[in-house]
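Good morning, colleagues. Please take a moment to look at the sequence and the model before I begin.

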Amino acid sequence: MNITLSSDVAGDQLLLPNIVRAVGQALMLTPISAITTAGISPSDAGAASGLSNMLRNLGGAVGTATLATILTKREQFHSNIIGQSVTLYRDEVRQRITDLTNYFLSHGIADPATAKHQAIVAIGNVVKRQALIIGFSDTFAVIGVILSIAAVTLLLARKPNPGAGAGGH
């Protein structure tokens, strides 16, 4: 739902996708918990519940780290792609540097070299911001695919038998 992000997106536009994700996760966690604890004898229920919670927390930590890595790598990728187009060989870039240099000169920077440096830094910040926005968009797409796969897998899972599997060895 957030795969078309831009720098114009505000917090209120993220409300509906976050509600959908929150409701979807809640609807998926209940059956997953039922599946993981099915067939557990009452004497083992405490240990099984603790193990299930620990694995869920571990999975959340691994998932968060994976998404952070995806975000970083996609931001780097998009920064490289955008950066290839932002070169001094392009008239638009040279014109933008000139415009920003003049802006900084008219707003308190007296040294032309420092103003030009500020202009180049400002363009670099724009490239980085755009790459980060696109990276977040890609990461939201990955989250959507993973949640879709999880939902389909959950729908195809067999219904657990509460009494099955409780026998001892």
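A salt bridge, as I shall use the term, is a side-chain nitrogen of Lys or Arg within 4 Å of a carboxyl oxygen of Asp or Glu. By this rule, the side chains of Glu92 and Arg90 form a salt bridge, at 3.2 Å from N to O. I should say at once that the model before you is predicted.

Let me stay with the charged pairs. Side chains of opposite charge can pair when their charged atoms come close. How many salt bridges does the rule give here? The count is three. Arg90, in the pair already named, is partly exposed, because its relative accessibility is 35%.

Another of these pairs joins Arg94 and Asp91, with 2.2 Å between N and O. Both residues belong to helix α3, and because they are three residues apart there, about one helical turn separates them. Are these two partners buried or exposed? Asp91 is exposed, because its relative accessible area is 52%, whereas Arg94, at 36%, counts as partly exposed.

The pair of Asp138 and Arg74 also forms a salt bridge, and its closest N and O atoms lie 2.9 Å apart. This pair links distant parts of the chain, since Asp138 sits in helix α4 and Arg74 in helix α2, with their positions 64 residues apart in sequence. Arg74 has a relative accessibility of 31% and is therefore partly exposed.

I turn now to helix α3 and one residue within it. Thr101 is placed in this helix, which covers residues 91-106. With a relative accessibility of 10%, Thr101 counts as buried, because buried means under 20%. Which residues does Thr101 touch, leaving aside those up to four places away in sequence? They are Pro112, Ala115, Lys116 and Ala119. Thr101 and Ile120 are 19 residues apart in sequence, and their C-alpha atoms are 8.6 Å apart in space.

Next, the surface. A nonpolar patch is formed there by Leu51, Met54, Leu55, Leu58 and Val62. Together these residues have about 460 Å² of accessible area. Leu51, one of the members, is found in helix α2, which runs over residues 45-85. Leu51 has a relative accessible area of 48%, so this residue is partly exposed.

Finally, I come to the largest pocket. Its volume is about 800 Å³. Its lining is made up of 23 residues, and those nearest its centre are Leu29, Arg56, Gly59, Gly60 and Leu147. The elements giving two or more residues to this lining are α1 (15-37), α2 and α4 (112-156). Which element supplies the largest share of the lining? That element is α2, with twelve residues.

To close, I would ask you to keep helix α2 in view: α2 holds Leu51 of the nonpolar patch, carries Arg74 of the pair with Asp138, and gives the largest share of the pocket lining. Thank you for your attention.

Terms used: Residues numbered from 1 in each chain as written. Predicted model: local features only at pLDDT ≥ 70, side-chain atom pairs only at ≥ 80, totals over all residues. Heavy atoms only, no water. Patch = residues over 30% accessible without salt bridge, like charges linked within 9 Å, V, L, I, M, F, W, Y side chains within 5 Å. Areas by Shrake-Rupley, 256 points an atom, 1.4 Å probe, with all protein chains shown as cover. Helix = DSSP H or I, 4+ residues; strand = E, 2+ residues; numbered from the N terminus. Buried < 20%, exposed > 50% of the residue type's maximum accessible area, 1.4 Å probe, protein only. Contact = heavy atoms within 4.5 Å. 1 Å grid on protein atoms, 1.4 Å probe; cavity = no way out; pocket = protein on both sides within 12 Å on 5 of 7 lines; lining within 4 Å. Points joined across faces, edges and corners; volume = space filled by probe spheres on them.
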